[in-house]
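Here are my notes on the model, point by point. Please read them with the structure open.

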Amino acid sequence: MTQSDWRAQGEAKRQSILNAIPDKWRLKGPVPAATEQRDVTGTYIQQFLNEREVEITESDAVDIVAETTSGRWFAVEVAEAFCHRAAIAHQLVSCLHEIFFDAAIEDAKKLDAYFAEHKAPIGPLHGLPVSLKDQFHIKGVETTMGYVGWIGTFQGQRDDPRRATKESELVRELRNLGAVLYCKTSVPTTLMAGETVNNIIGYTWNPKNRLLSCGGSSGGEGALLALRGSPAGFGTDIGGSVRIPAGFNFLYGLRPSSGRIPYESAANSADGQSTILSVVGPLARTARSLTLLFKAVLSQKPWLHDPLALEIPWRDSIVQDTHSLIEQAKSGTSSLAFGIMPWDGMTPIHPPIARGLRLVEQTLKRLGHKVVPWNPPSHERAHEIASKTFGMDGGADFRHHFNLSGETQAAQVIVQENGAQLTASGIAALNVVKREYQKDYMDYWNSTAAQTGTGRPVDGVFCPLAPHAAVMPEQFKNVGYTSFVNVLDYSSVSIPVTFADKTVDVQGKDSSLSGEYINWDYDADTYDGAPVGVQLFGRRLQEEKMLTIAEYIGEEIARDLKRV
């Protein structure tokens with residue numbers, strides 16, 4: 001295929017996505033340049049919606065299902081409102097790969113008919129619109145994962161390019177739960193990039209500041225949720241691909257340990273690589289929405305349908321134990337203990353990120369919790385393990401899929417040219433190195449019991465998600481702040497904190513913003529208004545505990561910011 005052929009094919013697909021938007025929902029005039037209108041969230045996108053649509057789409061997932069599962073809101077009305085807002089969102093920031101609004105409305109009608117007959121919902125997500133990263137197969141809907149060479153083939157399933165007639169396991173479970181599926185969101189080709197760009201939809205911009213990136217690889221999910229075009233969505237994470245878009249878009253995002261949410265029958269890059277497994281995780285505007293989604297999926301017993309899923313149902317006992325610790329802290333009889341890691345020893349962070357972590361630390365101390373410095377085994381070791389893992393096939397998988405069309409990759413997507421592949425013994429040695437690092441980190445975590453004063457090691461650790469807030473195009477250079485969690489297979493949640501402020505994040509303005517780990521060589525004007533998030537991580541398979549803490553601390557951080 002010549003360059004003109006693949007460009008034309010990508011452009012045709014891009015136009016088909018726009019054509020799937022009903023005429024009544026198409027913007028009548030051009031979208032202002034980012035230099036004229038950076039922020040298209042809030043009142044900007046609301047101007048294209050009616051009052052009822054705004055009410056529905058600005059409710060979080062928990063509030064929505066409270067209405068739809070009780071019959072107070074019709075599923076059709078909710079689906080139409082989110083389809084409309086998603087259509088506007090795509091026209092503003094290019095965040096969708098697939099649109100199937102008509103099918104969604106029909107599904108919503110069936111849900112309403114079921115409720116009318118049975119006076120009960122189908123499941124706990126009855127009538128909740130859910131968006132999906134373009135890795136999940138939905139019958140009759142294409143999966144391209146950003147590759148031009150996949151257009152028209154339903155490519156993405158190893159050895160069977162048309163297995164998209166079989167839906168991904170997560171899709172099957174969401175339908176059983178009563179969710180309404182209506183769109184699939186944009187990704188960077190290869191999925192291995194901290195920005196979202198491909199030769200089909202171009203670049204997906206950050207809705208809060210359209211001079212910046214929405215993150216990657218679940219970037220379309222992050223952008224759509226930031227514009228309230230979805231109340232809840234699912235992405236995947238092998239090096240930070242759920243947490244980074246969540247942080248860049250002022251959202252909550254969960255990276256669970258491998259095996260808790262099913263990955264079966266989803267498309268992927270370098271399928272079969274198992275040294276560091278990609279995992280599925282939810283994104284939403286509130287922590288309680290993540291809990292709703294996670295708990296609902298586990299209720300479907302995914303371990304009966306996905307051979308890699310662990311038979312671990314939702315554990316209320318862990319939630320109760322965590323709440324008990326929180327209540328003890330409130331009464332002054334005990335406390336939670338947290339580590340704070342302001343930087344990873346490799347990459348200095350920008351002032352807004354340093355300030356965000358400082359705000360978290362201040363909140364923890366106000367609440368009476370113990371805060372200890374986090375000095376773990378070298379994160380450079382984790383970075384080396386991740387880098388070797390992601391390149392173990394020498395880039396063969398990526399090159400193969402680019403060669404299907406002959407398309408060139410964007411600058412953000414780095415593909416090794418005829419790189420050396422690891423041998424079987426090389427992979428085995430890498431797995432030993434990873435296991436040894438996991439053991440060293442485990443031992444260090446246990447050793448913090450001597451510092452906390454609670455009789456326990458730290459309950460969780462706060463650290464950056466990236467060196468910067470939502471990043472400038474082609475400037476995302478390092479995933480070390482998130483990929484170490486994947487090496488360890490720990491549970492992690494992104495928590496929104498604040499926004500970059502060119503009048504505050506100034507050297508000498510805040511005395512707490514000092515230290516060798518802070519990089520003042522950044523463009524304060526360009527980053528102004530960018531969301532700032534942090535990462536809370538716990539040990540392996542501690543999702544219930546991390547979600548409970550994230551909701552508690554997230555609410556307290558928001559409360560403290562309102563006081564300022």
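1. Asp443 counts as partly exposed, because its relative accessibility is 34% and the partly exposed class lies between under 20% for buried and over 50% for exposed. The residue sits in helix α15, which covers residues 424–447. Ser217 lies 226 residues away from Asp443 in sequence. In space the two C-alpha atoms are 32 Å apart. Bear in mind throughout that this is a predicted model.

2. Thr448 gives another reading. This residue belongs to the loop between α15 and α16 (449–452). Its relative accessible area is 0%, so Thr448 is buried. Which residues are in contact with Thr448, leaving aside neighbours within four places in sequence? They are Trp374, Arg456, Pro457 and Val458.

3. Now the domains. The assignment splits the chain into domain 1 (8–304) and domain 2 (316–563). Their centres, taken over C-alpha atoms, are separated by 24 Å. Domain 1 puts 53 residues into the contact, and domain 2 puts in 68 residues.

4. The largest nonpolar core holds 102 residues. Leu132, Leu174, Phe234 and Phe462 have the most contacts inside it. Helix α5 (residues 75–93) is the top contributor, giving 13 residues. Both domain 1 and domain 2 supply at least three residues each to this core. There is also a second, separate core of 23 residues. Ile238, Met341, Tyr444 and Phe537 are among its members.

5. Next, the sheet. It is open, has 11 strands and shows mixed pairing. The strand order runs β1-β3-β2-β8-β10-β9-β14-β15-β13-β11-β12. Which strands stand at the edges? They are β1 (96–99) and β12; each has a single partner strand, so one side of each has no neighbour in the sheet. From one strand to the next, the twist averages 25°.

6. Two helices pack on this sheet. Helix α5 touches β1, β2 (129–133) and β3 (180–185). The direction of α5 makes about 10° with that of β3. Helix α19 touches β9 (252–255), β11, β13, β14 and β15. The direction of α19 makes about 10° with that of β14.

7. Strand β2 deserves a closer look. How many of its 5 residues are buried? The count is 5 of 5. Pro129, Ser131 and Lys133 point one way, while Val130 and Leu132 point the other way. In a regular strand, side chains alternate between the two faces of the sheet. Note that Lys133 is on the buried list along with Ser131.

8. The partners of β2 come next. With β3, the pairing is parallel over 4 bridges. Leu132 has Lys184 as its bridge partner in β3. With β8 (residues 232–237), β2 pairs in the parallel sense over 2 bridges. There, Phe234 stands opposite Leu132. Leu132 and Phe234 both appear among the residues with the most contacts inside the largest core.

9. Elsewhere in the sheet, β14 and β15 are antiparallel, with 8 bridges between them. Phe499 stands opposite Pro531 in β15.

10. Helix α12 spans residues 351–366, which makes 16 residues. From first C-alpha to last, α12 reaches 22 Å, close to the expected 22 Å. The helix is mostly covered, with 12 of its 16 residues buried. Arg355 and Glu361 are among those buried, as are Leu357, Val360 and Leu364. The cover over the buried residues of α12 includes strands β11 (337–340), β12 (370–373), β13 (460–464), β14 (491–499) and β15 (531–538), together with helix α19 (543–563). After α12 comes Gly368, with a positive phi near 85°.

11. Last, helix α8 (residues 219–226). In α8, 8 of 8 residues are buried. These include Gly219, Gly220 and Gly222, along with Glu221. Ala223, Leu224, Leu225 and Ala226 are buried too. Just after α8, Arg228 has a positive phi of about 60°.

Note on methods
Residues are numbered from 1 along each chain as its sequence is written. This is a predicted model: local features need pLDDT of at least 70, side-chain atom pairs count only at pLDDT 80 or more; totals for chains, interfaces and linings use all residues. Side-chain values use heavy atoms; hydrogens and water are left out. The expected span of a helix is 1.5 Å times one less than its number of residues. Buried means under 20% relative accessible area, exposed over 50%, partly exposed in between (1.4 Å probe, protein chains only). Contact means heavy atoms within 4.5 Å. A nonpolar core is a set of buried Ala, Val, Leu, Ile, Met, Phe, Trp, Tyr and Cys residues joined through side-chain atoms within 4.5 Å. Domain bounds come from an automatic or database domain assignment. Two strands pair if DSSP finds at least two bridges between them. Axes are lines fitted to C-alpha atoms, for helices over the stretch in contact, and angles run from 0 to 180 degrees between N-to-C directions.
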